[in-house]
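Biologist: I would like to learn how to read a model of this kind one feature at a time. Could we begin with the terms and then go on to the case in front of us?

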Amino acid sequence: MPADVAPELLDRTILVVDEATGRRWTRSDAFYEAISALPGGRLVAWPLRVPGLRWLAGKLYDWVSRNRTDISVRLGLAACEVPRRGARSPLDRDGPSP
């Protein structure tokens with residue numbers, strides 16, 4: 001991670017850095033760059049560059065970012081130290097306690 005990137009930024013958004021040029025992207029622009037880097041990714045990611053859709057993707061990203069913990073919990077996924085639904089605690093034992 002670049003030394004000048006504040007940890008607080010990464011609490012709020014995704015960051016993609018092009019190490020060759022030093023260029024940086026955040027929010028939905030970072031998703032576009034990450035997806036585009038995959039084989040065939042530009043075929044999938046192009047709507048994120050269309051005016052209007054790009055704005056909508058930014059708004060959607062902001063909403064998901066603000067609600068990511070709640071979304072993960074509702075989907076039964078672990079999030080921010082919230083255990084997965086149905087996950088066993090390390091204190092759970094298979095048999096009776098001694």
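Modeller: Let us start with burial, for which a residue counts as buried when its relative accessible area is under 20%, as exposed when that area is over 50%, and as partly exposed in between. Please keep in mind throughout that this is a predicted model.

Biologist: With that cut-off in hand, which residues of α4 are buried?

Modeller: In α4 the buried residues are A57, G58, Y61 and S65. Seen down the axis of the helix, these buried residues of α4 fall within an arc of 100°, so they line one face of it. The general idea behind such a pattern is that an α-helix has 3.6 residues a turn, so residues three or four places apart point the same way.

Biologist: Which residues are exposed on the other side of α4, and what do the buried residues of α4 pack against?

Modeller: W55, L60 and R66 are exposed on the other side of α4, whereas the buried residues of this helix pack against α1, α2 and α5, the last of these covering residues 68-74.

Biologist: How should I read the span of α4 between its end C-alpha atoms?

Modeller: One sets an expected length beside the one found in the model: at 1.5 Å a residue, the 14 residues of α4 should span 20 Å, and its end C-alpha atoms are 20 Å apart, which agrees.

Biologist: Where does α4 sit in the overall plan, and in what order do the elements run from the N terminus on?

Modeller: The secondary structure of the protein comes to 5 helices and 2 strands, and from the N terminus on the elements run α-β-β-α-α-α-α. Helix α4 itself comprises residues 53-66. For the chain as a whole, 20% of the 98 residues count as buried, and the protein exposes about 7,800 Å², of which carbon and sulfur atoms supply 59%.

Biologist: How much of the contact pattern joins residues at least 24 apart?

Modeller: If we take the contacts between residues at least 6 apart in sequence, 21% of them join residues at least 24 apart.

Biologist: Let us turn to α2. Which of its residues are buried, and which elements do they pack against?

Modeller: S28, D29, A30, Y32, E33 and S36 are buried in α2, and the buried residues of this helix pack against β1 (15-17), β2, α3 and α4.

Biologist: That list has two acidic residues in it, D29 and E33. What does D29 form a salt bridge with?

Modeller: To read a salt bridge, one looks for a side-chain nitrogen of Lys or Arg within 4 Å of a carboxyl oxygen of Asp or Glu. D29 forms a salt bridge with R54, the closest N and O atoms being 3.0 Å apart. Since D29 lies in helix α2 and R54 in helix α4, the pair ties together parts that are 25 residues apart in sequence. D29 is buried, at a relative accessible area of 19%, while R54 is partly exposed at 37%.

Biologist: And what is the salt-bridge partner of E33?

Modeller: E33 forms a salt bridge with R49, whose closest N and O atoms are likewise listed as 3.0 Å apart. Here E33 lies in helix α2 and R49 in the loop between α3 (41-45) and α4, so this pair ties together parts that are 16 residues apart in sequence. Salt bridges that share partners join D29, E33, R49 and R54 into one network.

Biologist: How many salt bridges does a search of the whole structure find?

Modeller: The search finds 6 salt bridges, one of which is formed by R24 with D4, the closest N and O atoms being 2.9 Å apart. R24 lies in strand β2 (residues 24-26) and D4 in the segment before α1 (7-12), so the pair ties together parts that are 20 residues apart in sequence. R24 counts as partly exposed at 36% relative accessibility, and D4 counts as exposed at 58%.

Biologist: Which residues form a nonpolar patch on the surface?

Modeller: L53, W55 and L56 form such a patch, with about 340 Å² of accessible area together. L53, found in helix α4, counts as partly exposed at 40% relative accessibility.

Biologist: Finally, what should I notice about the phi of R27?

Modeller: R27 has a positive phi of about 55° although it is not a glycine. Its place is in helix α2, residues 27-36, and R27 is partly exposed, with a relative accessible area of 33%.

How values were computed: Residues are numbered from 1 along each chain as its sequence is written. This is a predicted model: local features need pLDDT of at least 70, side-chain atom pairs count only at pLDDT 80 or more; totals for chains, interfaces and linings use all residues. Side-chain values use heavy atoms; hydrogens and water are left out. Helices (H or I, at least four residues) and strands (E, at least two) are DSSP runs, numbered from the N terminus. Buried means under 20% relative accessible area, exposed over 50%, partly exposed in between (1.4 Å probe, protein chains only). Patches are made of residues with over 30% relative accessible area and no salt bridge: like charges are joined within 9 Å, nonpolar side chains (Val, Leu, Ile, Met, Phe, Trp, Tyr) within 5 Å. Accessible areas come from the Shrake-Rupley method with a 1.4 Å probe; for residues, only the protein chains shown count as cover. Contact means heavy atoms within 4.5 Å. The expected span of a helix is 1.5 Å times one less than its number of residues. The arc is that of the directions from the helix axis to the C-beta atoms.
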